[in-house]
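Visitor: Before we begin, could you show me the sequence and the structure that we are going to discuss?

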Number of protein chains: 2
Amino acid sequence: MRKSYLLTPGPTTVPERVLSAMSRPMIHHRTPPFQTVFEEARKGLQYVFQTQQDVLILTASGTGAMEAAITNLFRKGDQVITINGGKFGERWTKLAKTYGLNPVEIKVPAGSAVDPQELEKTVRANPGARAILFQASETSTGVKMPTEAICKIAQAANMVTVCDAITAAGVFDLPMDRWGIDVLISGSQKAFMVPPGLSMIALSERAWKMTETADLPCFYFDLKRERKGLPKNATAWTPAISLVIGLQESIQMIREEGLENVFKRHATLAQATRAGVTALGLELLARNAPSDAVTAVLMPSAIPDAKAVIKLLRDKHGVFIIGGQDELEGKIIRLSHFGYCDKFDITTVLSGLELCLNELGYPVEYGRGVAAALKVFGKSPKES
Amino acid sequence: MRKSYLLTPGPTTVPERVLSAMSRPMIHHRTPPFQTVFEEARKGLQYVFQTQQDVLILTASGTGAMEAAITNLFRKGDQVITINGGKFGERWTKLAKTYGLNPVEIKVPAGSAVDPQELEKTVRANPGARAILFQASETSTGVKMPTEAICKIAQAANMVTVCDAITAAGVFDLPMDRWGIDVLISGSQKAFMVPPGLSMIALSERAWKMTETADLPCFYFDLKRERKGLPKNATAWTPAISLVIGLQESIQMIREEGLENVFKRHATLAQATRAGVTALGLELLARNAPSDAVTAVLMPSAIPDAKAVIKLLRDKHGVFIIGGQDELEGKIIRLSHFGYCDKFDITTVLSGLELCLNELGYPVEYGRGVAAALKVFGKSPKES
């Protein structure tokens with residue numbers, strides 16, 4: 001008997017009641033029962049995105065919605081500024097190039113957030129750029145980007161903001177309308193606690209206006225076509241029905257907890273995780289701008305390959321975390337702490353980590369990491 | 001208490017054991033448990049597609065895979081021949097135009113299959129065309145297209161065949177390698193009995209060669225990138241994990257029944273459905289080339305709007321069928337008979353139809369349609 005614990009930044013654990021909702025008999029998408037589900041899911045997405053705009057649901061993983069943002073807003077040759085602080089920032093640049101845009105990339109060191117002053121400089125140097133493309137949370141490094149500051153800089157320069165919030169929406173506060181985020185993107189398998197297969201995207205009025213002059217080819221990801229069906233609660237193509245049903249249920253859970261409380265819970269879990277690994281003598285990759293979604297931890301020299309930790313945790317202890325990608329491969333481990341995650345998931349992963357570190361030749365005092373996390377939980381009377 | 005019966009051509013009914021498989025706790029896609037599932041699902045797809053080629057699994061509905069076929073194979077300005085026998089054939093033309101191809105469209109009357117002689121004429125008149133794009137089964141009209149003949153014509157003219165088999169693969173015999181189909185496409189919510197959200201696509205060697213010179217932009221639907229991950233059982237993007245798990249289970253069911261037996265069952269169900277509605281005095285839309293996937297039935301003049309039948313069947317009797325699209329809206333009803341469907345699903349939908357027709361002012365003798373269907377089932381000792 002071995003239980004499994006999923007602390008990966010997508011997919012995240014799917015709650016029992018969401019699994020149960022998705023296992024009901026199949027229904028057809030052009031019928032009232034589905035239309036009701038779809039409408040409620042969309043309202044729930046507006047609640048989480050904190051927007052009055054329509055939130056479109058695409059049957060695709062997050063990269064599909066990122067592509068949709070590019071092809072629906074821009075014209076061939078358009079200059080855009082991309083913020084590359086890791087694998088997902090890099091994806092904006094690649095996507096922009098694939099579709100014939102002209103990206104000006106700000107390369108940010110792994111583990112750091114973009115410096116607003118540097119961004120401002122780049123914006124001034126490229127007054128013709130039409131947009132700033134960035135991640136609210138760069139999952140590959142565990143960094144939180146300064147979304148509000150980025151929006152202000154963009155607005156002053158009359159540029160739109162395209163925000164990949166795939167591991168940010170529903171994780172921490174990211175009020176789309178209040179901050180003036182022009183395009184906000186997320187995915188089902190993140191804070192929405194649903195299996196992967198859906199991505200969501202919302203556009204501001206300004207962004208919708210840009211779709212009228214965009215000239216890049218799109219068909220499956222044609223957002224104008226998706227929007228046209230909404231008054232009838234219809235999608236352009238057959239949607240991933242069971243996942244939308246799961247989304248309706250999971251958003252109901254978010255409503256019951258309250259968005260503010262969800263954010264607080266995530267903040268506390270993240271703080272406890274950071275306290276725990278730091279107490280074990282480990283170093284955080286994103287010291288100055290840690291994201292509440294995921295914590296990236298550098299492995300000590302005693303453990304030359306971080307993959308050994310991940311494999312041991314998984315194969316011996318049933319705890320699933322992930323490692324680094326590309327140049328961070330083998331150097332970091334990443335612990336996720338959002339979605340269907342509570343304080344005992346954190347003590348579990350820290351307990352498992354303590355076991356593995358000792359087994360792999362990096363001695364730690366048993367319970368030290370867990371104790372540091374418990375101190376955080378104990379201090380926070382709001383956490384239950 | 002009202003039971004629901006789903007006789008729509010996608011989504012089709014999801015079997016209990018598939019629902020159950022999909023409701024297991026979430027797993028991560030970059031781990032051995034998922035890699036095993038993914039590998040088995042892909043092997044099963046090869047079995048159903050009757051191909052030695054890799055079958056790629058995309059997180060998207062079928063239109064996504066259709067778009068992938070266009071953007072991965074062709075060059076801007078390429079001439080292609082599209083066969084438009086309904087809504088889905090029309091989609092090939094639209095997709096081709098969206099991406100700057102030059103489609104020569106053969107318009108086929110609703111309810112008819114393309115005439116191979118006419119196709120040959122068009123092929124001769126357009127020797128520069130690189131491909132023939134068509135549906136193996138045109139779901140909007142219930143027509144089966146002559147795939148084998150189309151492939152022979154294409155091969156003689158050195159054109160590739162791009163076959164939308166979304167409601168054909170796993171429904172009736174469509175041996176990809178033997179017939180030389182160059183691109184074969186399907187979707188999870190059809191004969192695969194899984195909720196919508198996945199599409200599958202396989203390419204012949206010839207088609208893979210074309211991807212090397214293709215110049216249309218693609219990123220999310222980059223098939224070369226998808227293929228690169230297969231040796232490690234990895235997808236390019238996060239896959240719809242729960243649906244792939246469902247697919248593994250449903251393909252296991254297809255293996256247990258045997259592909260040949262699945263085809264025979266579908267053929268018998270289709271024959272019984274046609275016999276049943278004909279016995280009620282109704283006319284088939286696709287008289288000469290009916291598909292074993294779906295039967296389109298014209299409504300008599302006593303029932304001016306077919307939607308009344310669909311609504312009554314659904315709202316009063318819990319039986320879900322669909323109607324016509326575009327110019328066929330209000331004129332036809334469509335009964336689906338593939339996937340998780342047996343003879344009593346057919347007697348159920350015919351029973352429901354008999355109730356509705358009488359209620360709506362088209363008198364039929366109770367049991368007449370059902371009796372005609374039972375005669376077909378009774379005649380076939382293979383059916384159980």
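Guide: What follows is a set of questions and answers about this structure.

Guide: This is a predicted model, in which local features need pLDDT of at least 70 and side-chain atom pairs count only at pLDDT 80 or more, while totals for chains, interfaces and linings use all residues. Residues are numbered from 1 along each chain as its sequence is written, and chains are lettered from A and ligands numbered from 1 in the order in which they are written.

Visitor: How many Å separate the centres of domain 1 and domain 2 of chain A?

Guide: Chain A is divided into domain 1, residues 16-256, and domain 2, residues 258-379, with bounds that come from an automatic or database domain assignment. Taken over C-alpha atoms, the separation of the two centres is 28 Å.

Visitor: Which elements each supply at least two residues of the side of domain 1 of chain A that touches domain 2 of chain A?

Guide: Across this boundary, 24 residues of domain 1 of chain A are in contact with 23 residues of domain 2 of chain A, where contact requires C-beta atoms, placed from the backbone, to lie within 7 Å. Helices (H or I, at least four residues) and strands (E, at least two) are DSSP runs numbered from the N terminus. On the domain 1 side, the elements that each supply at least two residues are α2 (32-49) and β7 (143-144) of chain A.

Visitor: Around what arc do the buried residues of α2(A) lie?

Guide: A residue is buried if 20 or more other C-beta atoms lie within 10 Å of its own, exposed if 12 or fewer, and partly exposed in between, with C-beta atoms placed from the backbone. The buried residues of α2(A) include A:Phe34, A:Val37, A:Phe38 and A:Ala41, whereas A:Pro32 and A:Thr36, on the other side of α2(A), are exposed. The buried residues are on the same side of α2(A), because the arc, taken from the directions from the helix axis to the C-beta atoms, is only 165°.

Visitor: Which relation links chain A and chain B?

Guide: With copies superposed by least squares on the C-alpha atoms of residues with pLDDT of at least 70 in both, a rotation of 180° with 0.0 Å of shift along its axis places chain A on chain B at an RMSD of 0.0 Å. That is therefore the relation of a two-fold axis.

Visitor: Is B:Ile185 buried or exposed?

Guide: B:Ile185 has its place in strand β9 (residues 183-187) of chain B. Its C-beta surroundings hold 27 other C-beta atoms within 10 Å, so B:Ile185 is buried.

Definitions and conventions: Contact = placed C-beta atoms within 7 Å.
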